[in-house]
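Visitor: I work at the bench and would like to learn how to read a model like this one. Could you take me through it step by step?

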Amino acid sequence: MYNGTLVRLLDVHKVYRTGEMEVRAVRGVSLEIKRGEFVALMGASGSGKSTLMNILGCLDRPSSGQYFLDDADVSGLDRDQLAEVRNRKLGFVFQSFNLLSRTSARENAELPLIYSAHHLSHAQLREKADRVLESVGLAGREDHFPSQLSGGQQQRVAIARALINEPEILLADEPTGISTAGPASRSWPFSSNSTSTASPSSWSRTSRISPPTRSVT
Ligand SMILES: Nc1ncnc2c1ncn2[C@@H]1O[C@H](COP(=O)(O)OP(=O)(O)OP(=O)(O)O)[C@@H](O)[C@H]1O
Ligand SMILES: [Mg+2]
């Protein structure tokens, strides 16, 4: 039954086994996240935040427990099925941004669309990429390589790339640099009146997001 819950974790555990060593990285996390919520996972170094993010982002599977994404149990999906879910529903901003260095801001932003099922023309790709780059304050920088951009601007290219597929969930690992006040905060498109895009419904959902409403430790 639909009640606005997008993410539901039930007693999720993750155990890494390397030879003799067994690391219990995540121990019994249960968590619900509703559409439009902005949730921060907090904890000491090594407490399992990135591990949990990888599970939430369908990059990895729990060792035990269940993960319902949009009411579908994704805990048992295989690699190909997880990749498909990632493409449709998830956007990632990695701590190191993971931009392609010999590729312009525009082409970096276009990447997820190239792997998606939309089959857009070159002109459509370009238009979408330029629009999302503009929404993060990078109009005029579309042809710049990452090395020609500041750290904050590179981060905004990574955010643009994460947003271009209009994901249900945007995941950012350790985004402290993003949410600080100052010029960089302009880059966080959710808090502003982001202009509507091709899919106004998904955008009105995400644009409701404000600074973290909830912290999970
Ligand atoms: N692939 C892996 N194989 C074995 N152990 C791992 C692996 N990845 C993470 N770990 C271990 O799991 C635990 C949780 O790691 P994780 O990266 O999730 O922590 P974190 O909370 O993100 O820490 P940080 O704040 O330092 O980024 C750590 O003890 C780590 O050494
Ligand atoms: Mg981490």
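Guide: We will go through confidence, strands, a ligand shell, a helix and two unusual backbone angles.

Guide: First, some ground rules. This is a predicted model, in which local features need pLDDT of at least 70 and side-chain atom pairs count only at pLDDT 80 or more, while totals for chains, interfaces and linings use all residues. Residues are numbered from 1 along each chain as its sequence is written, and chains are lettered from A and ligands numbered from 1 in the order in which they are written.

Visitor: What average pLDDT does the protein have?

Guide: pLDDT is the predictor's confidence in each residue, from 0 to 100. Here the protein averages 81, and 79% of the residues score at least 70. Over residues 177-213 the pLDDT stays under 50. Where pLDDT is low, the predicted coordinates should not be read in detail.

Visitor: How many helices and strands are there?

Guide: Helices (H or I, at least four residues) and strands (E, at least two) are DSSP runs, numbered from the N terminus. The protein has seven helices and eight strands.

Visitor: In what order do the four strands of the open sheet lie?

Guide: Strands of a sheet pair through backbone hydrogen bonds, either parallel or antiparallel. Two strands count as paired if DSSP finds at least two bridges between them. In this open sheet the order is β2-β1-β4-β5, with antiparallel pairing. Strands β2 (21-34) and β5 (72-73) are at the edges with a single partner strand each, so one side of each has no neighbour in the sheet. Between β1 (residues 5-18) and β4 (residues 64-69) there are five bridges, and Leu9 sits opposite Tyr67 in β4.

Visitor: Which strand pairs with β6 in the parallel sense?

Guide: That is β7 (residues 169-172), joined to β6 over four bridges; Gly91 stands opposite Leu170 in β7. Within β6 (residues 90-93), Leu90 and Phe92 point one way, Gly91 and Val93 the other, and all are buried. A residue is buried if 20 or more other C-beta atoms, placed from the backbone, lie within 10 Å of its own, exposed if 12 or fewer, and partly exposed in between.

Visitor: Which residues surround ligand 1?

Guide: A residue is near a molecule if its C-beta atom, placed from the backbone, lies within 6 Å of it. The shell around ligand 1 includes Tyr16, Thr18, Val23, Gly48, Lys49 and Ser50. Elements giving two or more residues to this shell are β1, β2 and α1 (49-56), and α1 provides the largest share, three residues.

Visitor: How does helix α5 compare with its expected span?

Guide: The expected span is 1.5 Å times one less than the number of residues. For the 13 residues of α5 (residues 151-163) that should be 18 Å, and the end C-alpha atoms are 18 Å apart, which agrees. Ten of the 13 residues are buried, so α5 is largely enclosed by the rest of the structure. Among the buried ones are Val157, Ile159 and Leu163.

Visitor: Where are the residues Asp11 and Asn98, which have positive phi?

Guide: Most residues other than glycine have a negative phi. Asp11 has phi near 50° and is found in strand β1; with 12 C-beta neighbours inside 10 Å, Asp11 counts as exposed. Asn98 has phi near 55° and is found in the loop between β6 and α3 (105-114). Asn98 is exposed too, with 11 other C-beta atoms within 10 Å.

How values were computed:
Contact = placed C-beta atoms within 7 Å.
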